[in-house]
Amino acid sequence: MNQKELQEHYKRVFDNESGKQVLLDLERVTNTTRVTADSPNPYSAIFVVAQQQLLKRIRNMTQLRTAKIEKDNIK
C-alpha cells in the first residue's frame, strides 16, 4: 500500500462526523494539551507523549497533502 492509499483510508475513517467525534473524544481523554509526571511511575509521561503522537499521526494523515498526492489530483 502506498502513502496516498493509506491517507485515503485514514480519511475514510476519520474525515466524517462520527470519526471527528471519536477523534475529539480521544484527544479529550488523552489530555493532549499537557504532560504531567506521575510520581510513582516515571514512565507515565512517556506514555502520555506516545498517546499524543498517535493522535498527531491521525490528524496528519487526514489533513496532509503530499506533493505526490497533489500531483496525482491535478491530472
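The exercises below, each with a worked solution, deal with salt bridges in a predicted model.

**Exercise 1.** Find which residues form salt bridges with Asp15, and state how far apart the closest N and O atoms are.

*Solution.* Begin with Lys11, which forms a salt bridge with Asp15, the closest N and O atoms being 3.7 Å apart. Continue with Lys20, which also pairs with Asp15 in a salt bridge, and here the closest N and O atoms are 3.9 Å apart. Both distances can then be held against the cut-off, which asks for a nitrogen of Lys or Arg within 4 Å of a carboxyl oxygen of Asp or Glu.

**Exercise 2.** Decide whether Asp15 and Lys20 are buried, partly exposed or exposed.

*Solution.* The class called partly exposed lies between the limits of 20% and 50% relative accessible area. Asp15 has a relative accessibility of 42%, and therefore counts as partly exposed. Lys20, at 40% relative accessibility, is likewise partly exposed.

**Exercise 3.** Describe the salt bridge between Asp25 and Arg28, including where the two residues lie and how exposed each of them is.

*Solution.* First take the distance: the closest N and O atoms of Asp25 and Arg28 are 2.6 Å apart. Next take the position, since both residues belong to helix α2 (residues 17-29), where they are three residues apart, or about one turn of the helix. Finally take the exposure: Asp25 is partly exposed with a relative accessible area of 36%, whereas Arg28, with 58%, is exposed.

**Exercise 4.** State which residues are joined into one network by salt bridges that share partners.

*Solution.* The network consists of Lys11, Asp15 and Lys20, and the structure as a whole holds four salt bridges.

Key
Residues are numbered from 1 along each chain as its sequence is written. This is a predicted model: local features need pLDDT of at least 70, side-chain atom pairs count only at pLDDT 80 or more; totals for chains, interfaces and linings use all residues. Side-chain values use heavy atoms; hydrogens and water are left out. A salt bridge is a side-chain nitrogen of Lys or Arg within 4 Å of a carboxyl oxygen of Asp or Glu. Buried means under 20% relative accessible area, exposed over 50%, partly exposed in between (1.4 Å probe, protein chains only). Helices (H or I, at least four residues) and strands (E, at least two) are DSSP runs, numbered from the N terminus.
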